[in-house]
There are 2 protein chains.
Amino acid sequence: MKINVVKNVMEASDAMADENRRRMDAAGVVAINVLSAPGSGKTTLLEKTIPLLAPRYRCAVLVGDLQTTRDAERLGDLGAPITQINTGRGCHLSPAEVAEGLDTLELDKIDLLFIENVGNMVCPAAFDLGEHFRAVLLSTPEGDDKVAKYPTLFQPADVILLTKIDLLDVLEYDSQRVRDDLSKLNTRAPLIECCPLSGAGLEEWAGWLRERFSEK
Amino acid sequence: MKINVVKNVMEASDAMADENRRRMDAAGVVAINVLSAPGSGKTTLLEKTIPLLAPRYRCAVLVGDLQTTRDAERLGDLGAPITQINTGRGCHLSPAEVAEGLDTLELDKIDLLFIENVGNMVCPAAFDLGEHFRAVLLSTPEGDDKVAKYPTLFQPADVILLTKIDLLDVLEYDSQRVRDDLSKLNTRAPLIECCPLSGAGLEEWAGWLRERFSEK
């Protein structure tokens with residue numbers, strides 16, 4: 001009985017994600033679900049990425065957080081539509097919350113929609129939101145052991161960004177260990193080394209995004 | 001109906017936590033639930049803390065992780081009893097898992113039990129495991145905005161450790177912002193600035209632990 005309940009809940013969630021995807025497909029929107037631990041640089045990445053893509057690609061952001069509108073405020077100056085979704089105690093964005101977020105946007109005027117998930121390496125990985133691609137950030141100060149410890153996050157990633165590489169000089173960090181762990185788990189996603197704050201490596205990321213849009 | 005189910009699940013969870021606490025009280029064990037985002041330095045903190053407290057205080061550790069036994073292996077050389085609990089896809093330790101962990105330990109030979117939770121700023125905060133105190137780590141590279149964004153984690157903390165302060169020189173970080181946010185949320189818990197890797201600040205933390213044990 002318990003298994004059936006859980007299965008039905010996940011089926012309902014996946015059906016709503018498919019509906020989100022259908023709405024975005026109809027409007028020509030490509031959606032990227034952006035996942036990471038808290039403080040890996042998701043908001044900074046988006047702050048720097050949107051100007052790199054504009055004006056050719058019109059971007060918008062749905063920002064998930066338990067509390068506060070700080071991330072939306074940070075992104076507010078970019079001229080792109082931003083919607084904050086506060087999850088309260090919710091540990092991940094749900095497809096229903098994303099559907100409400102989509103209601104706030106003019107989808108016909110958007111090319112790329114970034115969905116900045118709640119900072120959490122576990123729960124968000126289990127939920128399809130209707131995105132087309134998943135970008136996972138891993139920041140160097142989190143340690144070089146995280147790929148093996150959080151396989152459910154890294155296995156379905158379409159692109160992985162190793163962020164805060166400017167700190168490599170002051171950290172004991174073995175990038176090769178990350179690559180070795182990824183080679184056992186996910187050989188499909190490119191690993192992009194970058195520093196969102198300085199902008200290093202972001203042209204490679206922007207290029208990856210442009211390719212996803214042209215494939216669409 | 002749905003609310004009742006959730007309530008019953010939480011009541012069962014809390015009852016099991018109480019039973020864990022009763023077992024530890026009977027054996028004179030003081031338990032610390034250690035919570036933080038992934039990579040904030042929980043394992044390094046325990047690696048450095050246990051030798052500081054030995055031999056006067058006999059320590060043991062229950063280590064929660066989705067996968068791998070890497071943390072338990074790191075702690076294995078300390079001569080203290082270590083039990084790894086792999087949660088699979090579970091985003092937090094549960095009181096039932098902790099009860100199984102307690103079965104593996106000789107509680108009469110333990111003074112301080114550290115329960116290293118799964119690296120996650122959201123879900124672990126919602127579950128009493130039977131601990132006596134909660135220690136929450138916040139590492140400087142995660143950013144100075146995390147207290148306001150994760151109030152459910154910081155509000156019930158008994159002590160907060162600001163870790164990786166050696167990186168303050170190379171980060172844009174406003175410690176006062178952390179203190180200001182804490183002043184609205186939790187004025188009870190001391191904030192200990194430390195660097196587990198170098199050992200800076202750990203004597204203050206060890207002193208806090210010794211006081212909790214003597215109060216017991």
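This is a short conversation about reading the chain contact, the cavity and some backbone features in a predicted model.

Biologist: Happy to start with the interface. How many residues does each chain bring to the contact?

Modeller: Bear in mind that this is a predicted model. Chain A gives 36 residues to the contact, and chain B gives 36 residues as well. Which residues of chain A matter for the area is a good next step: A:P38, A:R70 and A:K149 supply 22% of what chain A buries against chain B, more than any other three residues.

Biologist: And how much area do the two chains bury between them?

Modeller: About 2,800 Å², with 60% of it on carbon and sulfur atoms.

Biologist: Let's turn to charges. How many salt bridges are found across the interface?

Modeller: A salt bridge here needs a side-chain nitrogen of Lys or Arg within 4 Å of a carboxyl oxygen of Asp or Glu. By that rule, there are 6 salt bridges between chain A and chain B. One of the pairs to look at is A:D71 with B:K149, where the closest N and O atoms are 2.7 Å apart.

Biologist: Which helices of chain A take part on the side that touches chain B?

Modeller: At least two residues come from each of α3 (70–75), α5 (146–149), α6 (151–154) and α7 (175–183) of chain A. Sorted by class, that side of chain A has 16 nonpolar, 7 polar and 13 charged residues. For polar contacts, the rule finds 9 residue pairs across the interface, both residues being at pLDDT 80 or more.

Biologist: Now the inside. How many cavities of 30 Å³ or more does the structure hold?

Modeller: There is 1, and the largest cavity has about 40 Å³ of space. Its lining includes A:P38, A:G39 and A:E142 from chain A, along with B:G39, B:E142 and B:K164 from chain B. By class, the lining residues are 3 nonpolar, 4 polar and 4 charged.

Biologist: Last topic, the backbone. What should I expect in general, and where is the cis peptide bond in chain A?

Modeller: Most peptide bonds are trans, and most residues other than glycine have a negative phi. In chain A, a cis peptide bond joins A:A54 and A:P55, with omega about 0 degrees. A:P55 sits in the loop between α2 (42–53) and β2 (59–65) of chain A. In chain B, the bond from B:A54 to B:P55 is cis, with omega near 0 degrees, and B:P55 lies in the loop between α2 (42–53) and β2 (59–65) of that chain.

Biologist: What about the phi of A:T68?

Modeller: A:T68 is not a glycine, yet its phi is positive, about 70 degrees. You will find A:T68 in the loop between β2 and α3 of chain A.

Methods. Residues numbered from 1 in each chain as written. Chains lettered and ligands numbered in written order. Heavy atoms only, no water. Contact = heavy atoms within 4.5 Å. Buried area = accessible area lost by both parts, 1.4 Å probe. Polar contact = N/O pair within 3.5 Å; in protein donor to acceptor, adjacent residues only side chain to side chain. Helix = DSSP H or I, 4+ residues; strand = E, 2+ residues; numbered from the N terminus. Nonpolar A, V, L, I, M, F, W, Y, C, P; charged D, E, K, R; others polar. 1 Å grid on protein atoms, 1.4 Å probe; cavity = no way out; pocket = protein on both sides within 12 Å on 5 of 7 lines; lining within 4 Å. Points joined across faces, edges and corners; volume = space filled by probe spheres on them.
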